[in-house]
Every structure is written in structure tokens, then in C-alpha cells.
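Here are my notes for your review. Please keep the model open as you read.

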2 protein chains.
Amino acid sequence: MEKTRKTTLSDVAALADVSPITVSRALRDPEKVSPDARARITLAIAQLGYVPNPAARALASGRTDVVGVIIPSVSNNVFADVMRGIYDGLQDSQLGVQLGTTRYAPSTEEQLVRVFLSQQPAGLIVAGHDQSPGARALLERADCPVVQIMEVGPQPIDLVVGLSHYQAARDGAQHLLDSGYRAPAFLGAQMDPRSQRRLAGFRDCLIAAGLGGDDPVVTTPEPSSVSLGCRLFADLIATRPQTDAVLCNNDDLALGVLFEAQRRNIRIPDRLGICGFNDHEMMSAAEPPLTSVATDRYEMGRAAILQIRDRLAGRGQPRGHAIDLGYRLVPRRSTARVTP
Amino acid sequence: MEKTRKTTLSDVAALADVSPITVSRALRDPEKVSPDARARITLAIAQLGYVPNPAARALASGRTDVVGVIIPSVSNNVFADVMRGIYDGLQDSQLGVQLGTTRYAPSTEEQLVRVFLSQQPAGLIVAGHDQSPGARALLERADCPVVQIMEVGPQPIDLVVGLSHYQAARDGAQHLLDSGYRAPAFLGAQMDPRSQRRLAGFRDCLIAAGLGGDDPVVTTPEPSSVSLGCRLFADLIATRPQTDAVLCNNDDLALGVLFEAQRRNIRIPDRLGICGFNDHEMMSAAEPPLTSVATDRYEMGRAAILQIRDRLAGRGQPRGHAIDLGYRLVPRRSTARVTP
DNA sequence: ATCATGGATGACAGCGCTGTCATTCGTCAA
DNA sequence: TTGACGAATGACAGCGCTGTCATCCATGAT
């Protein structure tokens with residue numbers, strides 16, 4: 001296989017009988033080139049199969065068309081939905097994505113921020129607002145739009161798209177109380193900062209309801225899974241048989257609770273209420289359908305990209321702008337207790 | 001905020017009192033630099049907070065440290081597992097990932113291949129072996145390692161890590177027959193090429209068993225989901241009430257079938273056997289636990305990256321090398337019929 | 001002492017593109 | 001007719017790094 005030199009701007013320019021600069025302009029800013037020249041250039045590009053070299057462009061212009069995305073994990077389906085939103089938001093743009101995963105380690109996150117920023121990205125999307133001081137300093141100094149997603153909170157670095165996990169979980173807990181449950185518990189895995197705030201919302205709800213003496217919480221740092229939901233629920237009722245409802249940190253756990261309850265012939269919703277978090281598609285399909293606090297992960301990703309695109313187009317929101325996508329409690333049969 | 005010029009190799013060189021070339025070498029090939037100089041350079045780098053410019057490196061060397069990954073979708077948890085394997089395989093390497101999603105569209109895939117190749121990646125990972133002729137031609141001409149994942153098949157482009165979906169599904173169907181089911185059906189969504197081959201395996205198994213007269217298959221091009229499993233199963237038993245088992249194209253559908261069967265009080269496994277595909281973690285947690293054909297998506301991603309790393313290190317496998325990760329039938333209660 | 005050897009280092013040019021001017025030319029108002 | 005103006009185009013230099021050679025010097029064999 002012959003090592004054929006790649007065709008360059010100059011090749012195109014020669015064929016189209018213009019200067020390389022004009023070709024460059026025709027590519028980036030077609031308006032600025034006469035229709036005549038533009039046509040010849042387009043033809044030449046097609047004939048030569050020319051593809052621009054992004055490294056050269058990046059070096060010369062100090063910009064790339066890549067948006068860096070830094071999330072804790074790809075195998076968490078919350079982030080899968082976010083990514084889908086990001087890719088959809090990218091449609092009809094020149095932008096690409098570079099993805100990094102932190103595995104929930106702040107030091108890894110900081111390193112990724114450093115690496116990504118060194119590539120002079122068009123924008124950066126990071127999950128959460130619990131960056132290490134170092135990472136935060138880097139991001140504040142970044143000369144590209146930075147979007148913190150997942151969560152709204154104090155002191156945004158630049159742009160924010162998220163929701164209040166505290167409030168969402170607090171409302172979920174309140175829903176359990178409103179449905180007549182008197183001894184709700186919290187089940188949590190992978191207790192990242194957002195999970196911690198959900199837990200705080202749960203606790204405050206109980207305190208506000210005068211049920212604060214106890215702390216019916218079972219958590220683990222393990223990654224979340226359906227099986228883990230089974231195990232945590234088993235632990236929970238072993239130590240607190242009086243529990244009559246569970247607020248789960250996410251839907252996987254809720255599904256595990258459902259299965260474990262079925263195994264033990266615990267009747268849902270009468271003997272046990274179940275509320276998940278996120279409202280993954282499967283929640284409505286389950287038997288009984290499972291109540292959950294719906295979050296719009298897809299829109300979170302999509303909105304983040306659109307914020308960046310707006311900024312790049314010069315009509316973006318100012319630094320500090322936050323979009324609160326909110327949440328929605330979706331009551332289903334799993335908490336529809338007939339007699340309190 | 002002052003636009004501070006980034007520190008460059010020359011700045012480091014000046015501080016360390018060596019030439020820029022030596023700094024460059026110290027970074028890429030520390031062995032070739034004297035310990036003395038290396039120490040001064042390391043110190044200077046730390047003092048200046050120097051971070052190399054990957055665009056400049058890419059332009060000068062014609063190489064990048066980025067592996068392109070082209071998959072159909074990120075929200076399919078099969079690919080989420082693959083991605084996790086990829087990121088784990090990347091540990092302790094300089095490599096990064098650029099991810100593109102095709103949305104199951106061959107034209108999008110071809111375009112992504114073109115764009116990614118223009119970035120002169122360190123390697124490329126693509127899902128499946130049903131690339132368009134154009135994409136295939138580009139990949140064959142690529143001067144970087146190319147790994148086709150998910151599936152083993154004829155005429156590999158370069159390297160392959162996968163399994164035979166045909167055989168895996170055929171074994172799944174055979175398991176249903178061996179368990180005493182006489183009228184198994186196939187449920188499929190998002191009928192991509194791999195799903196088609198699974199379906200073919202199912203059909204051939206039935207034919208081989210003398211049950212080929214009929215074609216008990218319900219499929220849809222819609223993306224897979226648990227709810228869709230419910231609906232497809234409802235359709236199935238409406239048109240073919242005699243069905244006594246289902247082989248599902250994936251685990252989401254299987255879970256949907258379970259829920260729908262529960263809703264209709266169809267007893268599992270006696271009245272209905274359920275077999276999924278992939279053996280997602282939730283399958284073992286379900287009640288009853290669900291039989292599935294296990295595939296090692298994680299290892300698929302990991303092995304793909306390791307193949308690329310080996311190649312880059314000069315000790316890789318030759319073109320055409322394929323790794324068949326196989327599959328494993330995991331029988332559980334959902335197909336454990338007591339009386340055939 | 002002399003020369004070949006190889007490790008360490010450096011000079012030079014250039015990767016392909018774009019920012020910043022400068023230049024050309026046609027058009028229109030005065 | 002003239003000058004001013006703006007659209008279209010081009011020349012030049014340089015982004016930060018690396019490939020390819022060339023150079024230097026200590027070492028050990030002769």
C-alpha cells in the first residue's frame with residue numbers, strides 16, 4: 001500500500017485556481033467568497049476527496065471543534081441518556097465529542113480537565129459541581145464555555161443545566177408520607193455527591209414530618225445495580241422489619257426491591273411502597289408499575305450542547321446562567337396504597 | 001482575564017538549559033536523554049506547569065493519541081458495557097477516546113469513519129462488520145489498527161473481537177427445546193444486522209428440530225425497551241396463543257415479557273419459558289431469575305483496546321486476527337420447566 | 001597516541017492551516 | 001471624470017512540535 005500524501009488545501013487551491021487562503025475561507029465562511037470561486041472550490045474538493053486536517057486547523061487557530069465531556073461513568077444509564085442528548089444536540093454542527101470518565105474520582109477528574117483543556121476544546125461539559133479546587137480553578141480560567149450538568153447549585157463556574165436533587169428526593173419522600181406510609185426508608189448505592197443530597201432531602205422531609213428521631217437509611221459505596229437493590233432491601237427489612245416504604249436512590253435499586261419483595265411475598269403497594277429515582281423507561285412497564293421521580297437526563301445533555309453552540313455563535317447566555325430542568329413525581333401503583 | 005500565552009516546549013527548554021528537541025525527547029522517549037538533563041527538564045515542566053499541545057504534536061508527527069470509537073448508540077446498555085471495557089483498557093496509556101454514534105445509519109457511519117480517519121487516530125474501533133462499501137474501503141486503507149467488535153464474521157478488515165450471534169441465538173433456542181418447550185417464538189426489536197443473525201440462528205434451530213413449518217417471529221424496527229417487550233409479547237400471544245416460550249433478542253425485551261406475563265397471570269416457567277440475550281446483571285435478580293445467553297460486552301471493549309495497544313507497541317497480531325469471546329447459556333428458573 | 005563506536009544533543013525545516021495585514025478591482029456618489 | 005469605498009482575494013508569517021540528519025564527546029580497542 002503506497003503511502004500517498006494527503007491532499008492539502010494547496011492542492012485544492014491549485015485545481016480551483018485560487019489561493020489557499022481563499023479555499024480556507026470558502027470552508028469556514030462561504031459568504032466571504034464569490035459564488036464563482038466557491039463553485040470551483042467545491043468541485044475541486046469533491047474531485048480530490050479533500051478532507052481538512054483538524055490538527056493543522058487547531059494549531060493555526062488555537063481552536064478545535066471538539067467538546068470535551070467529563071462524566072463519572074458510561075455504564076450508568078443516567079449518563080447513557082445524557083450522552084444521547086448530547087449527540088442529538090450535536091446534529092448539524094461541526095462539533096465532535098471527546099469523552100472522559102472519572103470513575104467518581106476527583107483526582108481523575110482534575111487530570112481529565114487538564115488534558116482536555118490542553119486540547120483547546122470548543123466547550124467543556126462536566127458532571128456535577130463538586131470539582132476539586134484544582135479542577136475548578138482550571139475550569140474558571142478556561143477560555144471556552146463550560147457547562148456543569150446534572151445539578152443546579154451555588155457558585156456556578158459558567159453555565160449550568162440540572163435540577164435540585166435535594167428537592168426532588170424530598171418530594172419523593174413526601175409523596176410516600178402523603179400516600180399513607182409511616183415508616184419510609186432510604187436505599188442508596190454509589191453515594192456520590194448528588195446521592196448525598198438526595199439523602200439529605202429524604203432526611204429533611206422526615207424531620208419536617210416529625211419522624212426524624214430515627215434514621216432509616218441503608219447505603220453502600222458499591223456501584224448501583226438491580227441485584228444490589230435486592231441485597232440492600234434484604235438488609236433493610238432484616239434490621240428494620242417495620243419499614244413500610246422505600247425511597248430508592250435510583251431506579252435500578254427500586255427494581256431490585258420489587259423483585260426481592262416478590263420473592264418474599266411482600267405485597268406492593270399495601271405492605272410496601274416503592275419509589276425510584278429518574279423514572280427510567282422500565283418503571284412504567286414493571287408489574288406493578290413503579291412510582292419514580294422523573295428527571296430529564298436526555299434534555300440535560302441536549303441543553304448543555306445547545307448552550308455551548310449558542311455561545312460559540314456569539315448569542316449565548318452570560319456566565320452564571322443556570323437552567324433548572326426540574327423534576328416530576330410520577331405516582332404509579334407501587335405507592336398507591338388503598339388503606340393507610 | 002489576561003490572555004496568557006501558553007508555555008511551550010521552548011520555554012521549558014530555556015529554563016532547563018537544553019534545546020527544545022531534548023525536551024521533546026524527554027517527553028516521548030525518556031531513555032534517550034541523560035538522567036541529568038531529564039531531571040532538569042522534569043523540574044522545569046513542573047515549575048512552568050507545562051502541558052504539551054496535542055494539535056502541534058499531531059501536525060508534526062502525523063499521529064494522535066486518540067482512538068476513535070464508532071458505535072450505533074450510547075443508550076443501549078450493551079454499548080455502555082463495551083465502553084466501560086474500552087475505558088478500562090485505556091488505563092495507564094496516553095490514549096484518549098473519541099466517540100461517534102451512527103444511530104444505526106450506514107451513511108452516518110461512513111461519514112464518521114471519514115471524519116475520524118482525517119484526524120489520524122491511533123486506532124479505530126467500529127461495531128459490527130456490516131459497514132457500507134465506502135466505509136469498508138476507507139477502513140481497509142487506514143494506516144492505523146482497526147478493530148471490528150461485537151461480532152466475528154467473514155472477511156475481517158483488520159482485527160476482530162466478537163462472537164457468533166447466530167450460534168449464540170441458536171443455542172438459546174435449542175435450550176428452550178431441550179427444556180421441553182414445543183412452541184418457542186422469537187421477539188426482536190431494533191433489528192440491526194446482529195439481531196438478524198440471531199433471528200437466523202433461531203429459525204435454523206427450529207428447522208433442524210422439524211418445527212420449521214411455522215415462523216413464530218414478532219419483530220419491530222423500534223428501539224428496544226422493556227415496555228416494548230410488554231407490547232411485543234402481548235401481540236405475540238394475541239396472534240399465537242399456543243406459544244409456550246420466547247427467545248428474546250435482548251434482555252430488555254425479556255424483562256418486558258416477564259412483567260407482561262405477571263400481569264396476565266401466565267405462570268413462568270410452566271406455562272411460558274423466557275430466555276433473554278446478553279445476560280445483563282438484572283437477569284439474575286429478577287423473580288423468577290431469567291435465563292439468558294451471556295455475552296462478555298465488557299471484555300469485548302477491553303480486548304479491542306488491548307489489541308490496538310499491542311499493535312502500537314509493535315507486538316500486535318497480524319491483520320485478519322480474530323478473537324472469538326464466545327457466549328455462555330445461563331439457565332435459570334425462567335426456563336426450568338418441571339414437567340414438559 | 002589514534003581511530004572507530006555509540007550515546008547525547010542540537011540545527012533545520014516543515015507538518016497544514018489560519019490571523020493579520022495588504023492589495024486589487026469594480027462600483028457609485030459627487 | 002475622479003475619488004472613495006467595500007468586496008474579493010492574496011502574501012506572509014507563524015502556531016508548537018517532531019523527523020531527519022549532523023555534531024559533539026567520552027570510551028575503549030588497536
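1. Start with the residues around DNA strand D. There are 22 of them, and those that come nearest are A:T22, B:L9, B:S24, B:R28 and B:Y50. Keep in mind that this is a predicted model.

2. Next, the makeup of that surface. Its residues divide into 12 nonpolar, 7 polar and 3 charged. On the DNA side, 65% of the strand D atoms within 4 Å of the protein belong to sugar or phosphate. The rest belong to bases.

3. Which helices supply the surface near DNA strand D? In chain A, α2 (20–28) and α4 (54–61) each give at least two residues. In chain B, α2 (20–28) and α4 (54–61) each do so too. The most comes from α4(B), with 4 residues.

4. Now the polar contacts. An N or O atom in the side chain of A:T22 sits 2.5 Å from a phosphate oxygen of DNA strand D. B:R57 also places a polar side-chain atom 3.4 Å from a phosphate oxygen of that strand. A:R25 reaches a base: one of its polar side-chain atoms is 2.9 Å from a base nitrogen of DNA strand D.

5. Look at B:L27, in helix α2 of chain B. Is B:L27 buried, partly exposed or exposed? B:L27 counts as partly exposed because its relative accessibility is 34%, between the 20% and 50% cut-offs.

6. B:L27 also has partners beyond four places away in sequence: B:L9, B:I45, B:Y50 and B:P52. Two of these, B:L9 and B:Y50, are among the residues that come nearest to DNA strand D. From B:L27 to B:I41 the C-alpha distance is 9.1 Å, across 14 residues in sequence.

Definitions and conventions:
Residues are numbered from 1 along each chain as its sequence is written. Chains are lettered from A and ligands numbered from 1 in the order in which they are written. This is a predicted model: local features need pLDDT of at least 70, side-chain atom pairs count only at pLDDT 80 or more; totals for chains, interfaces and linings use all residues. Side-chain values use heavy atoms; hydrogens and water are left out. A residue is near a molecule or strand if one of its heavy atoms lies within 4 Å of it. A polar contact is a pair of N or O atoms within 3.5 Å; within protein, one must be able to donate a hydrogen and the other to accept it, and residues adjacent in sequence count only if both atoms are side-chain atoms. Ala, Val, Leu, Ile, Met, Phe, Trp, Tyr, Cys and Pro count as nonpolar, Asp, Glu, Lys and Arg as charged, and the others, Gly among them, as polar. Buried means under 20% relative accessible area, exposed over 50%, partly exposed in between (1.4 Å probe, protein chains only). Contact means heavy atoms within 4.5 Å.
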